Amino acid sequence: MTVLPGPRGGAVDGTAPGASPAPRRTSTRRRLFDAAVTLIAEQGFSATTVDEIADRAGVAKGTVYYNFASKNVLYEELLRDGIDLLADSLRRAADATAARGGTRVDALDAMIRAGLDFIACSPALIQLYVAELWRTNRTWRATLTSVRGRAQAVVEDVLRDAVRTGELSAELDIPLTASALLGMVLVAALDWQSFQPDRSVEDVHAALSRLLQGRVGAGRS
């Protein structure tokens with residue numbers, strides 16, 4: 001079973017940050033999220049039923065509807081919370097690098113490692129996210145666009161600071177570069193998990209780090 005990373009102010013259980021749901025309901029919602037992300041990754045959204053989600057989570061069908069109005073709502077909240085957690089991981093990595101006195105490129109490198117660690121813990125969630133990027137007819141498309149923007153904005157902030165301080169060239173296309181960096185991590189990590197699972201996260205990070213230093217780092221003024 002894929003287990004989403006630990007809670008971020010209640011995010012994993014689908015509650016708003018700062019909310020304090022009862023521990024039992026928090027646990028139930030987490031089990032429903034874990035069950036849904038695993039099943040949908042295995043057989044697709046349309047083929048996955050509420051009955052199957054409830055059965056995999058070990059709860060009654062009515063419990064699913066008590067916590068989420070529909071399967072669509074469950075999945076929408078799953079995407080929102082999961083990608084928010086990824087964005088938080090990237091931000092913490094960047095902040096920790098800055099606190100140590102590292103450069104912005106060092107921060108980008110730390111974010112690559114944070115992204116790989118996150119995906120290693122939640123490969124099914126990222127598989128779903130990547131798959132949904134190509135579908136434009138889903139009811140949660142606006143939510144997906146929003147949460148994608150949050151994750152990308154974290155990378156853009158670091159790139160913008162690097163350009164402002166002269167660490168990177170002013171000619172850098174910040175939005176496209178941020179998208180390319182995120183895409184590199186997502187695709188490389190999924191390929192690693194699917195086809196090269198014998199490789200360590202350190203090995204994969206080292207390869208992507210060399211790409212970062214050679215491409216983005218080479219654009220320094």
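How many helices and how many strands are there in the chain? The chain holds nine helices and zero strands. The model described here is predicted.

## Overall architecture

Read along the sequence, the elements follow the pattern α-α-α-α-α-α-α-α-α. The chain has 221 residues, of which 47% count as buried. About 10,500 Å² of the chain is exposed, and carbon and sulfur atoms supply 53% of that area. Among the contacts in the chain with a separation of 6 or more, 66% are made by residues 24 or more positions apart.

## Phe45, Tyr75 and Lys71

A search of the whole structure finds two aromatic pairs. One of them is formed by Phe45 and Tyr75: the ring centres are 5.3 Å apart and the planes stand at 35°, so the pair is tilted. That label rests on the angle, because planes under 30 degrees apart would count as stacked and planes over 60 as edge-to-face.

Which parts of the chain does this pair tie together? Phe45 lies in the loop between helix H1 (23-43) and helix H2 (50-57), while Tyr75 lies in helix H4 (residues 71-99), so the pair joins parts that are 30 residues apart in sequence. Phe45 is buried, with a relative accessible area of 9%. Tyr75 is buried as well, and its relative accessible area is 0%. The ring of Phe45 has a further partner: Lys71 lies over its face, at 4.3 Å from the ring centre.

## Leu32 in helix H1

Leu32 has its place in helix H1. Is Leu32 buried or exposed? Leu32 is buried, since its relative accessible area is 0%, and the limit for a buried residue is under 20%. Leaving aside neighbours within four places in sequence, Leu32 is in contact with Ile53, Ala57, Val59, Thr63, Val64, Asn67, Phe68 and Leu74. Ile53 and Ala57, two of these contacts, fall within the range of helix H2 (50-57). Leu74, also in contact with Leu32, falls within the range of helix H4 (residues 71-99). The C-alpha atoms of Leu32 and Leu78 are separated by 9.6 Å, although the two residues are 46 residues apart along the chain.

## Helices H5 and H6

Helix H5 (residues 104-121) has 18 residues, which at 1.5 Å a residue should span 26 Å; the end C-alpha atoms are 26 Å apart, so the two values agree. At the start of H5, a side-chain oxygen of Thr103 reaches to within 3.4 Å of the backbone nitrogen of Val105. Val105 is itself one of the buried residues of H5. The others are Ala107, Leu108, Asp109, Ala110, Met111, Ile112, Ala114, Gly115, Leu116, Phe118 and Ile119.

Helix H6 (residues 123-133) is mostly covered, with eight of its 11 residues buried. These are Pro123, Ala124, Leu125, Ile126, Leu128, Tyr129, Val130 and Glu132.

## Helix H9 beside helix H5

Three residues of helix H9 can be set against residues of H5. Leu211 lies in helix H9 (residues 201-215), and Arg210 and Glu202 are found in that helix too. The table gives the separation of each from its partner, in sequence and in space, C-alpha to C-alpha.

| Residue in H9 | Partner | Apart in sequence | Apart in space |
|---|---|---|---|
| Leu211 | Asp109 | 102 residues | 10.0 Å |
| Arg210 | Asp109 | 101 residues | 9.4 Å |
| Glu202 | Arg113 | 89 residues | 8.3 Å |

Asp109 appears with both Leu211 and Arg210, and Asp109 is among the buried residues of H5.

How do the three residues of H9 stand with respect to the surface? Arg210 is exposed, because its relative accessible area is 59% and the exposed class begins over 50%. Leu211 is partly exposed, with a relative accessible area of 43%. Glu202 likewise counts as partly exposed, at 46% relative accessibility.

Technical notes
Residues numbered from 1 in each chain as written. Predicted model: local features only at pLDDT ≥ 70, side-chain atom pairs only at ≥ 80, totals over all residues. Heavy atoms only, no water. Phe/Tyr/Trp six-rings, centres within 6.5 Å; stacked < 30°, edge-to-face > 60°. Helix = DSSP H or I, 4+ residues; strand = E, 2+ residues; numbered from the N terminus. Buried < 20%, exposed > 50% of the residue type's maximum accessible area, 1.4 Å probe, protein only. Lys NZ or Arg CZ within 6 Å of the ring centre and 35° of its normal. Expected span 1.5 Å × (residues − 1). Polar contact = N/O pair within 3.5 Å; in protein donor to acceptor, adjacent residues only side chain to side chain. Contact = heavy atoms within 4.5 Å. Areas by Shrake-Rupley, 256 points an atom, 1.4 Å probe, with all protein chains shown as cover.
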